[in-house]
Amino acid sequence: MITIDALVKTYREGESEVHALRGVSLEIKPGEFTAIAGPSGSGKTTLLNIIGLLDDADSGKILIDGRDIQTFSGKERARFRREKLGFVFQTFNLIPVLTAYENVALALNLLQISAKEIESRTLAILHEVGLKGAENRLPSKLSGGQQQRVAIARALVKKPLLVLADEPTANLDSVTGEEIMKLMLELNKKHGTTFIFSTHDPMVMQYATRLIKLHDGLIVSDERR
């Protein structure tokens, strides 16, 4: 589903250069539950941002579902993100004045589907992630783990090709973080949705069915379990 060939990304900070990616090549198959692991500065977030059309590579090619995303116009990039990709962030990124239900439904409001289907799909995914009864709570009334469950529901409600999760457990305690990883793996198996997540946490790595390790912008190991 994803083919990456010789991806290079360099950032310039003043007079110095940071080589975030140094010719990364890999393929991700549909339905994989893949961790991109490595220490801070290894290039894992940069790689996720390029896959998610949030950043551009300097050179190399990346195909998602057979389409060269680097050739997309601004409008095509926005539409592809809106329709095909789901995002889960370590800081949850929920809209504070919207309820759990409204945060999830918002992901469907820009798609051409009926109000009845929006309601049905939103309630179904919130119940599936364990938030039945919390639909009308604001993020400030939810725990960190519950907020991340809302974020996961928001990512999955539009039935994306791919969910990208950047350090999804970083702001959670270890017990809650493990619950979130179990939930994501369960949803991956149930729906067949492809997940790619970045992490430096060994606990998170153990849940991956594929573990790709980066160091200084290079892949140093790639293990399928």
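User: Where in the chain does Gly 130 lie?

Analyst: In this predicted model, Gly 130 lies in the loop that runs between H4 and H5.

User: Why is Gly 130 called exposed?

Analyst: The relative accessibility of Gly 130 is 54%, and the label exposed is given to values over 50%, so Gly 130 counts as exposed. As for its place in space, the C-alpha atoms of Gly 130 and Leu 183 are 9.2 Å apart, with these positions 53 residues apart in sequence.

User: What makes the chain as compact as a globular protein of its length?

Analyst: The chain holds 7 helices and 10 strands. Its radius of gyration is 17 Å, and the globule rule for 225 residues gives 17 Å as well, so the chain is as compact as a globular protein of that length. Along the principal axes, the C-alpha atoms fill a box of roughly 50 × 40 × 35 Å, and buried residues account for 48% of the 225 residues. Of the contacts between residues at least 6 apart in sequence, 69% join residues that are at least 24 apart.

User: What does the chain expose, and how are its charged side chains placed?

Analyst: About 10900 Å² is exposed by the chain, with carbon and sulfur atoms supplying 49% of that area. There are 29 positive and 28 negative side chains, and the centres of these two sets are 6 Å apart.

User: Which residues have the most contacts inside the largest nonpolar core?

Analyst: The largest nonpolar core has 43 residues, and those with the most contacts inside it are Phe 33, Ile 152, Met 181, Met 184 and Phe 197. Among the elements that give two or more residues to this core are strand E3 (33-37), helix H3 (100-109), helix H5 (144-156), helix H6 (174-191) and strand E8 (194-199). Apart from this core lies another, of 26 residues, which includes Ile 4, Leu 21, Leu 26 and Ile 50. Returning to Met 184, and not counting residues up to four places away in sequence, Met 184 touches Phe 33, Ile 152, Ala 165, Pro 168, Phe 195 and Phe 197.

User: Which residues of H3 are buried, and what do they pack against?

Analyst: The buried residues of H3 are Ala 100, Asn 103, Val 104, Ala 105, Ala 107 and Leu 108, and these buried residues pack against H4 and H5.

User: How do you know that Leu 48 is buried?

Analyst: Leu 48, placed in helix H1 (residues 44-51), has a relative accessible area of 3%; buried means under 20%, so Leu 48 is buried. Leaving aside neighbours within four places in sequence, Leu 48 is in contact with Ile 36, Leu 164, Ala 165, Asp 166, Ile 196, Phe 197 and Ser 198. Leu 48 and Ile 180, in turn, are 132 residues apart in sequence and 19 Å apart in space, C-alpha to C-alpha.

User: Why is Arg 77 called buried?

Analyst: Arg 77 lies in helix H2 (residues 74-84), and its relative accessible area is 13%; with the limit for buried set at under 20%, Arg 77 is therefore buried. Not counting residues up to four places away in sequence, Arg 77 touches Leu 53, Leu 54, Asp 55, Asp 56, Ile 69 and Phe 72.

User: What makes Phe 72 a buried residue?

Analyst: Phe 72 is found in the loop between E5 and H2, and its relative accessible area of 12% is under the 20% limit, so Phe 72 is buried. Phe 72 touches Leu 53, Arg 67, Arg 77 and Phe 80, with residues up to four places away in sequence not counted. The C-alpha atoms of Phe 72 and Leu 53 are separated by 9.4 Å, and the two residues are 19 residues apart along the chain.

User: Why does Asp 65 count as partly exposed?

Analyst: Asp 65 has a relative accessibility of 46%, and partly exposed covers the range between under 20% and over 50%, so Asp 65 counts as partly exposed. Asp 65 lies in the loop between strand E4 (59-64) and strand E5 (67-68), and its phi is near 55 degrees, a positive value in a residue other than glycine.

User: Why is Asp 216 called partly exposed?

Analyst: The relative accessible area of Asp 216 is 42%, which falls in between the buried and exposed limits, so Asp 216 is partly exposed. Asp 216 is placed in the loop between strand E9 (210-215) and strand E10 (218-224), and Asp 216 has a positive phi of about 50 degrees although it is not a glycine.

Notes. Residues are numbered from 1 along each chain as its sequence is written. This is a predicted model: local features need pLDDT of at least 70, side-chain atom pairs count only at pLDDT 80 or more; totals for chains, interfaces and linings use all residues. Side-chain values use heavy atoms; hydrogens and water are left out. Helices (H or I, at least four residues) and strands (E, at least two) are DSSP runs, numbered from the N terminus. The radius of gyration is taken over C-alpha atoms; the globule rule is 2.2 Å times the number of residues to the power 0.38. Buried means under 20% relative accessible area, exposed over 50%, partly exposed in between (1.4 Å probe, protein chains only). Contact means heavy atoms within 4.5 Å. Accessible areas come from the Shrake-Rupley method with a 1.4 Å probe; for residues, only the protein chains shown count as cover. Lys and Arg count as positive and Asp and Glu as negative; His and the chain ends are not counted. The place of a charge is taken as NZ of Lys, CZ of Arg, CG of Asp or CD of Glu. A nonpolar core is a set of buried Ala, Val, Leu, Ile, Met, Phe, Trp, Tyr and Cys residues joined through side-chain atoms within 4.5 Å.
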